[in-house]
Amino acid sequence: MSAAPAPASIFAVELLGELIRRGVRDVVVCPGSRSQALALAAAAAERSEAIRLHVRLDERSAGFFALGIARETGIPAPVIVTSGGAVANLLPAALEAYEARVPMLLLTADRPAELRGIRSNQTTAQPGLLRATRLMLDVPAPEFSESGDLRRDGVRDPGVLASRALAAATGAPGAAPAGPVHLNLAFREPLSGTAGFDAMIADGFAAAREEAVSGTALRADPHPGFDRSERYEHGGDALTVVIAGADAGPEAEAFAHAAGAPLLAEVVSGARFGRETITGYATLLDDPEIGGLTERAVVFGHPTLTRQVTALLLREDVEVIVVDPHTGPGVDHVNPGNRARIVREATVAEGFSPRTLHRWLGLWVLPDRELQRARTTVHEPDLSAATATGYKERNAYARAEVATMREPITRELLAESVWRATWPHDRLVLAASRLVRVLDALAAGRKLTVHANRGLAGIDGTIATAIGVAAASQGDADPARAAGITRVLIGDLALLHDAGSLLLPEGETAIRIQLIVGNDGGGTIFDGLEVAGAADREAFDRVMFTPQRVALAELAAAYGWEYRRIETRSELERLLTEPVTGPCLVEAPLAR
């Protein structure tokens with residue numbers, strides 16, 4: 001480390017201070033040489049209690065961890081990495097953040113201009129490497145002017161950089177949505193050094209924390225003003241359904257309630273509650289006497305879970321209204337048939353009565369209740385037998401109850417039990433696996449906080465995302481929000497794909513998380529595809545099902561997680577009612 005102040009360190013401290021001043025609360029660091037000034041600045045900010053610092057060894061995992069924090073808080077958690085391959089490992093999380101519209105800020109260290117293009121060690125063409133970004137800036141190496149201050153020409157002004165980066169990362173209605181921002185920061189040797197400035201740096205971070213705007217100030221106004229051409233006003237008697245896809249949020253439920261229309265809300269939507277909610281919507285959409293009568297669909301969020309919704313939106317006899325507050329060049333919208341009307345807001349016309357669609361809603365509600373009764377895994381004891389006076393009746397009741405408690409766990413029982421055991425102050429994270437689709441067909445309406453990476457609907461990074469959600473929610477200043485636990489419903493392949501994220505660094509606050517793994521020995525989600533019936537069975541299993549026999553108990557032990565194995569209904573019920581005090585990996589064996 002240099003004995004004199006280094007431009008790299010002064011720049012890093014000022015940039016981080018400006019981010020803190022604008023509301024950043026969490027910073028994620030991966031170790032590396034070229035990024036040392038940023039990493040040491042983050043450590044100093046943590047000592048000043050200006051941020052919560054999280055250290056991760058794997059840049060891919062770090063990116064998804066930051067994604068989880070931003071999903072929970074709406075505020076980006078800057079990720080600091082070194083140069084070279086470290087940057088490329090951020091791409092999976094950046095792509096998910098881009099497609100899912102989640103705030104993300106990636107700070108990558110790089111060689112200065114004179115070391116590029118000459119095959120310098122750990123050097124590649126980093127600008128543009130993370131192609132899916134809302135903003136990318138290649139920032140020249142910081143240097144002192146003749147007066148001894150940082151040069152602030154062009155994009156090297158830390159205040160300007162922080163302001164532009166956070167504005168682009170958090171998005172705004174009427175403009176581009178939230179997403180990843182990449183600041184590629186060149187650093188010239190000496191790579192760090194703060195001699196004589198340490199006390200000043202500590203005071204500066206403390207001041208930045210005191211001056212910081214409220215975290216909510218970074219979030220875009222959810223109710224901007226729209227002109228009439230950008231607004232859909234619901235009226236008339238067209239047979240309308242409201243579709244809520246991933247991250248639709250409570251606005252979808254509020255509109256469905258005001259319109260009196262059936263709410264077809266995916267379990268990952270954040271809108272699956274309220275009296276208009278239709279649990280078995282996929283089945284009813286296939287019914288020509290119910291779904292077949294639909295004349296209009298109003299879409300919120302990003303629907304991804306069922307083919308039936310896509311088929312509905314492709315029907316030429318259905319008017320499609322897509323509600324998306326974001327516009328601008330390069331912004332994609334849900335529009336399967338390329339004929340949807342895109343609006344920024346949906347309201348109910350003045351004087352419209354939700355009773356207009358009363359019979360239409362009833363046409364969905366009654367058969368949906370029948371479906372729920374037929375599909376639910378909830379056990380209802382025979383109370384008449386339990387209170388019978390005859391010995392034989394009571395004995396038969398006792399045997400039936402014992403048999404029920406010994407029932408092996410099925411996908412349906414696992415998914416529905418986890419859903420029902422989750423409380424509003426908890427967090428539920430759903431992996432892209434067969435289980436999320438099983439749950440979508442079963443889950444009764446409940447107002448829960450659900451997270452899922454449905455931007456690309458991939459299995460990558462699920463564990464890291466969930467740990468980020470847990471760290472952010474359990475570190476919330478509101479004691480009621482911080483009191484919950486995080487449950488993760490995940491398949492075995494999604495677990496193994498992100499197993500490295502099980503590593504929890506020493507010295508960081510312990511999290512309360514249950515990683516509930518439905519282990520059916522491979523990718524059974526592919527068994528439902530047409531190819532499963534047409535392909536050679538041996539070839540299909542090798543390249544699609546991809547069987548695995550990993551010993552999950554040993555995997556949990558290697559990373560210091562508690563391990564539980566549950567095989568029956570009674571063991572599942574006991575698990576979901578016990579207190580969660582730390583990280584626990586729960587294995588539930590399932591039949592293929």
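## Overall picture

Of the contacts in the chain with a separation of 6 or more, what share comes from residues 24 or more positions apart? Those pairs account for 75%. Keep in mind that this is a predicted model.

The chain holds 22 helices and 19 strands. Its radius of gyration is 26 Å, close to the 25 Å that the globule rule gives for 592 residues, so the chain is as compact as a globular protein of that length. Lined up along the principal axes, the C-alpha atoms fill a box of roughly 95 × 60 × 55 Å.

## Inside and outside

As for what's tucked away, 52% of the 592 residues count as buried. On the outside, the chain exposes about 25,600 Å², and carbon and sulfur atoms supply 53% of that area.

## A six-stranded sheet

Now for one sheet in particular. It is open, built from six strands with parallel pairing, and the order reads β2-β1-β3-β4-β6-β5. At the edges sit β2 (52-55) and β5 (135-139), each pairing on one side only. Going from strand to neighbouring strand, the turn is 15 degrees on average, direction ignored.

Over at the β2 edge, four bridges link β2 to strand β1 (residues 26-29), in the parallel sense. Asp-26 has Arg-52 of β2 as its bridge partner.

## The helix on top of it

Helix α6 (residues 158-170) packs on this sheet. The strands it touches are β4 (104-110), β5 and β6 (180-186). As for orientation, the direction of α6 makes about 160 degrees with that of β5.

Methods:
Residues numbered from 1 in each chain as written. Predicted model: local features only at pLDDT ≥ 70, side-chain atom pairs only at ≥ 80, totals over all residues. Heavy atoms only, no water. Pairing = 2+ DSSP bridges. Helix = DSSP H or I, 4+ residues; strand = E, 2+ residues; numbered from the N terminus. Axes fitted to C-alpha atoms, helices over the stretch in contact; angles between N-to-C directions. Contact = heavy atoms within 4.5 Å. Rg over C-alpha atoms; globule rule 2.2 N^0.38 Å. Buried < 20%, exposed > 50% of the residue type's maximum accessible area, 1.4 Å probe, protein only. Areas by Shrake-Rupley, 256 points an atom, 1.4 Å probe, with all protein chains shown as cover.
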